[in-house]
Amino acid sequence: MNLIGEHTDHNGGLVLPTVIPLRTTVEVTVRGDALVRLTSESPGCAPVEATVTELRRTGTWADHVLGAIWAASADGRALAGLDGSVRSAIPAGAGLASSAALIVATLRALREAFALTLGEGEIASLAHRAETEFVGARVGRMDQLVCSLGREGEALFMDMRSGAMEPVPLAALGADITVIDSGIRHDHATGAYRERREECAAAARALGVPTLRDVPPGADLTRLPAVLARRVRHVTSEDLRVEAAVIALRAGDAAALGELLDASHASLRDDFEVSVPAIDRIVETALRDPDCYGARITGGGFGGCVLLLVRRGRGRAVAARIIERAAVGGSVVLPAS
């Protein structure tokens, strides 16, 4: 889950994700032939069969598992047929890195089953290749990195341009991080998410920089079309908010972090235009709650989850009453029951 730093990863910017106490598990049994048989315990996920030598997209949940097998094979790892089973507590398409978790879990299972020499950094790289090249989702690298390298109780402050990473403990914050799932789903392989990435790339070209991370302070945005100027404004201001959030975390300043979450949501809503009315209603309701420090949409947008920062020990109660007052069909994801 990304605390703050949304749509900055694919722009070479700063991000601050953390792992969550929800698990995806993949179990692999090696076969004596080339057949790949996949099953999932999740409702609506029908079994899928393929062969390890002819892996193709199926347009189903299984593409993330098949993509992991494809990426490992393309990297020169010798694999055979297998039976794979998946179970996951992470809601799919909710902005909580369910796809990255599934691919990373699959690669870890392949590592064990086939005695592969794969470090966690290599797993993150292969997972990103699987999602972008096989599945076809133009995602950044943040989700795969935090699923591979993140540790409970810490946020991972990452510079996506330099590759620098630094753990930031969460214990000093003295607040609950709570998540509401709006129930509205997205698909990052298609649609508006791709459009936002293309807009960012177009803005960078127009400004003559490699990525929006390279836009200098005070850059003249008036020569850009208004929509591209808004996209740039979000990315550059969000990078600053990530830096400020790290300072707030280290100081244990929940109120300051809450204000940054609020500003991030406003920017994602108005400048990057990735929120939707139901999400905005949850956030607006949260901001009226006396126990809530701040709230924002988290993930790629167009649905998914709302992150809340609330007083210690009140996370589930606050989330439940926000859902009731906002009159949306949401559910509490964190704190996990």
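Good morning. I begin with Glu273, which is partly exposed at 31% relative accessibility. Although Glu273 is not a glycine, its phi is positive, at about 55 degrees. The residue sits in the loop that connects helix 7 (254–270) with helix 8 (277–287). Please bear in mind throughout that this is a predicted model.

A second backbone case is Ala97. Here too phi is positive in a residue other than glycine, with a value near 60 degrees. Ala97 belongs to the loop between strand 6 (82–88) and helix 2 (98–113). Is Ala97 buried or exposed? Its relative accessible area is 12%, and Ala97 is therefore buried, the limit being under 20%.

One peptide bond also deserves a remark. Leu334 and Pro335 are joined by a cis peptide bond, with omega at about 0 degrees. Pro335 is located in the segment that follows strand 12 (331–334).

Let me turn to strand 4. In a regular strand, side chains alternate between the two faces of the sheet. Strand 4, residues 35–40, shows such an alternation: Val36, Leu38 and Ser40 point to one face and are buried. Leu35, Arg37 and Thr39 point to the other face and are not buried.

Which strands pair with strand 4? With strand 5, residues 48–51, the pairing is antiparallel and runs over four bridges. Within that pair, Leu35 stands opposite Thr51 of strand 5. With strand 6, the pairing is parallel and extends over five bridges. On that side, Arg37 has Asp83 of strand 6 as its bridge partner.

Strand 6 brings us to the largest pocket, since it is one of the elements that supply at least two residues each to the lining. The space in this pocket amounts to about 1100 Å³. Its lining comprises 50 residues, and those closest to the centre are His64, Ala92, Gly93, Ser98 and Ser99. Besides strand 6, at least two lining residues each come from helix 1 (63–74), helix 2, helix 3 (120–135) and helix 4 (142–149).

Next, a buried acidic side chain. Glu238 is part of helix 6, which spans residues 226–251. The relative accessible area of Glu238 is 0%, so the residue counts as buried. What does the side chain of Glu238 meet there? A polar atom of that side chain lies 3.0 Å from the backbone nitrogen of Glu6. Leaving aside residues up to four places away in sequence, Glu238 touches Ile4, Gly5, Glu6, Thr8 and Ser264.

Finally, the cysteines. How many disulfides does a search of the whole structure find? The search returns zero. A disulfide is a covalent bond between the sulfur atoms of two cysteines. For Cys147, the closest cysteine sulfur belongs to Cys305 and is 14 Å away, which is too far for a bond, because a disulfide requires the two sulfur atoms to be within 2.5 Å. Viewed from Cys305, the closest cysteine sulfur is that of Cys147, again at 14 Å and too far for a bond. The surroundings of these two residues can also be stated: Cys147 is partly exposed, with a relative accessible area of 21%, whereas Cys305 is buried at 0%.

To close, I would return to two points for discussion. One is the buried Glu238, with its side chain 3.0 Å from the backbone nitrogen of Glu6. The other is the cis peptide bond between Leu334 and Pro335. Thank you.

Methods:
Residues are numbered from 1 along each chain as its sequence is written. This is a predicted model: local features need pLDDT of at least 70, side-chain atom pairs count only at pLDDT 80 or more; totals for chains, interfaces and linings use all residues. Side-chain values use heavy atoms; hydrogens and water are left out. Buried means under 20% relative accessible area, exposed over 50%, partly exposed in between (1.4 Å probe, protein chains only). A polar contact is a pair of N or O atoms within 3.5 Å; within protein, one must be able to donate a hydrogen and the other to accept it, and residues adjacent in sequence count only if both atoms are side-chain atoms. Contact means heavy atoms within 4.5 Å. Two strands pair if DSSP finds at least two bridges between them. On a 1 Å grid over the protein atoms alone, a cavity is a set of points where a 1.4 Å probe fits but cannot get out, and a pocket is an open set with protein on both sides within 12 Å along at least five of seven lines; lining residues have an atom within 4 Å of a point. Grid points are joined across faces, edges and corners, and a volume is the space filled by probe spheres set on the points.
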